[in-house]
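Trainee: I am new to this structure and should be grateful for a close look at a single part of it. Please choose one residue and explain its surroundings with care.

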Amino acid sequence: MAGNRTFTMIKPDAVGAGNTGAIIKMIEEAGFKIVAMKKALLTKERAGQFYEVHKERPFYNDLTTYMSSGAIVPMILEKDNAVEDFRKLIGATNPKEAAEGTIRAIFAESIEANAIHGSDSDENAEIEGKFFFAEVEKF
Ligand code: IDP
């Protein structure tokens, strides 16, 4: 059965451009409830841990530099079928391929600086939520 929680973070390009509020508005209007949220800064090392699965990819070094270049806004979100519905709301990794009206189509600058993260499975949503939040920080 599909789970009801996912993990997201608004990435440095979107936070830096002042799009945090507009993105949160889209998330809430799509029916997601915010279970946990904060503003944080990743070190390059912590960004590397978060994207560990990509460590052999050619873009890994640039990605971790970018992800530690400015503030991020991590959140845990709740909704039926959360992971799948949220991936639909954010759109494809490459904003040039993202469907019209999706968060990445509207706010992303490039395939790397693509405005927002969304977990790709219930298992990863759980792991990624724990990466950023302690139990006492969740509602
Ligand atoms: P996803 O975030 O849509 O799940 P992943 O393939 O898991 O996409 O990639 C993680 C992140 O790595 C992307 O969101 C993007 O910031 C970055 N990325 C993915 N592919 C490329 C690439 O080809 N060049 C540069 N950055 C990339």
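Mentor: The following account concerns Ala115 and the parts of the chain around it.

The model is a predicted one. For the chain as a whole, the UniProt record, in an unreviewed entry, lists residues 3-137 under "domain: Nucleoside diphosphate kinase-like". Over residues 3-137, helix makes up 41% and strand 15%, and the end C-alpha atoms lie 20 Å apart.

Ala115 belongs to the loop that runs between helix H6 (103-107) and strand E4 (116-118). Its backbone deserves attention: phi of Ala115 is near 75°, a positive value in a residue other than glycine. Most residues other than glycine have a negative phi. Is Ala115 buried or exposed? Ala115 has 26 other C-beta atoms within 10 Å, and 20 or more are required for a residue to count as buried; Ala115 is therefore buried.

A second residue with a positive phi offers a useful parallel. Asn81, also a residue other than glycine, has phi near 55°. Asn81 lies in the loop between strand E3 (73-78) and helix H5 (82-90). Here 13 other C-beta atoms fall within 10 Å, so Asn81 is classed as partly exposed.

Which residues does Ala115 touch, leaving aside those up to four places away in sequence? They are Ile10, Lys11, Asp13, Ala14, Ile103, Arg104, Phe107 and Ala108. Two of these names, Ile10 and Ile103, return in the description of the largest nonpolar core, where they stand with Ala115 among the residues that have the most contacts inside it. The others in that group are Ile23, Leu77, Phe86 and Ile116, and the core has 28 residues. At least two residues of this core come from each of strand E1 (5-10), helix H2 (20-29), helix H3 (44-50), E3, H5 and H6. The most is given by H5, with five residues.

Two of the strands that supply this core, E1 and E3, are also paired with each other. They run antiparallel and are joined by six bridges, with Phe7 opposite Ile76 in E3. Strand E2 (residues 33-37) likewise runs antiparallel to E3, through four bridges. In that pairing, Lys33 stands opposite Glu78 in E3.

Finally, there is the ligand. The residues around the ligand are Phe59, Leu63, Thr93, Ile111, Glu112, Asn114, His117 and Asp120. By class, this shell has three nonpolar, three polar and two charged residues.

Note on methods:
Residues numbered from 1 in each chain as written. Predicted model: local features only at pLDDT ≥ 70, side-chain atom pairs only at ≥ 80, totals over all residues. UniProt positions renumbered as here; feature names shortened; annotations may be inferred. Near = placed C-beta within 6 Å. Nonpolar A, V, L, I, M, F, W, Y, C, P; charged D, E, K, R; others polar. Buried ≥ 20, exposed ≤ 12 C-beta atoms within 10 Å, placed from the backbone. Core = buried A, V, L, I, M, F, W, Y, C linked by C-beta atoms within 7 Å. Contact = placed C-beta atoms within 7 Å. Pairing = 2+ DSSP bridges.
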